[in-house]
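Welcome! Let's get to know this structure together, one question at a time.

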Amino acid sequence: MAALRVSGKQDVFMITVYGIKNCDTVRKSLKWFEAQGVETKFHDFRVDGLEPALVVMWLGEVGGKVLVNKRGPSYRNLSDSDKAALETDDLAAAKVLAANPTVIKRPVVDFGSVRTVGYDENRWKGLVTA
């Protein structure tokens with residue numbers, strides 16, 4: 001278990017890394033946590049699925065501009081109506097993202113009360129203490 005420092009408080013819990021197993025950035029992230037001696041749980045979008053309620057929470061916290069990867073082929077392959085849904089409201093966007101999780105920028109790292117999106121070693125260093 002890792003000790004986590006958030007707003008000066010320390011809690012002990014499992015950090016969850018969300019992504020897909022064949023994503024280079026996800027693998028790099030998991031290796032970084034391992035090198036720091038931080039135990040993580042990996043949640044594979046494709047294998048384990050993704051609940052829209054969780055995605056709504058992420059969207060509310062980080063916003064669609066951060067969470068949605070518009071540069072990848074998964075986004076380009078979405079229908080025009082799905083792309084429009086990503087721009088409307090969090091519930092509609094969450095349904096599209098839960099059905100098409102590879103559109104989500106990876107990894108999403110859940111530290112309990114804080115989530116980060118993308119590889120962010122500098123931010124993680126400030127959140128994790130071994």
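Q: Is Arg115 buried or exposed?
A: This is a predicted model, in which local features need pLDDT of at least 70 and side-chain atom pairs count only at pLDDT 80 or more, while totals for chains, interfaces and linings use all residues. Residues are numbered from 1 along each chain as its sequence is written, and side-chain values use heavy atoms, with hydrogens and water left out. Buried means under 20% relative accessible area, exposed over 50%, and partly exposed in between, with a 1.4 Å probe and protein chains only. Arg115 has 8% relative accessibility, so the residue counts as buried.

Q: Which residue meets the side chain of Arg115 in a salt bridge at 2.9 Å?
A: A salt bridge is a side-chain nitrogen of Lys or Arg within 4 Å of a carboxyl oxygen of Asp or Glu. The partner we want has a relative accessible area of 12% and is buried. With 2.9 Å from N to O, the side chain that meets Arg115 is that of Asp110.

Q: Which residue is linked with Asp110 and Arg115 in a network of salt bridges?
A: Asp110 and Arg115 form a salt bridge with each other. The network that holds them also takes in Glu61.

Q: Which helix holds both Arg27 and Asp24?
A: These two form a salt bridge, their closest N and O atoms being 2.4 Å apart. Arg27 is partly exposed at 38% relative accessible area, whereas Asp24 is exposed at 56%. They sit three residues apart, about one turn of the helix, and both belong to residues 24–35, helix H1.

Q: How many residues apart are Glu87 and Lys70?
A: Glu87 and Lys70 form a salt bridge, with 2.7 Å between the closest N and O atoms. The pair links distant parts of the chain: Glu87 is in helix H6 (residues 80–88), and Lys70 is in the loop between helix H4 (64–67) and helix H5 (73–76), which puts them apart by 17 residues.

Q: Which element gives the most to the lining of the largest pocket?
A: Among the residues lining this pocket are Lys70 and Glu87. The elements giving two or more residues to the lining are H4, H6 and helix H7 (90–99). With three residues, the element that gives the most is H6.

Q: How many salt bridges does a search of the whole structure find?
A: We have met several already, including Arg27 with Asp24 and Glu87 with Lys70. Across the whole structure, the search finds five.

Notes. Helices (H or I, at least four residues) and strands (E, at least two) are DSSP runs, numbered from the N terminus. On a 1 Å grid over the protein atoms alone, a cavity is a set of points where a 1.4 Å probe fits but cannot get out, and a pocket is an open set with protein on both sides within 12 Å along at least five of seven lines; lining residues have an atom within 4 Å of a point.
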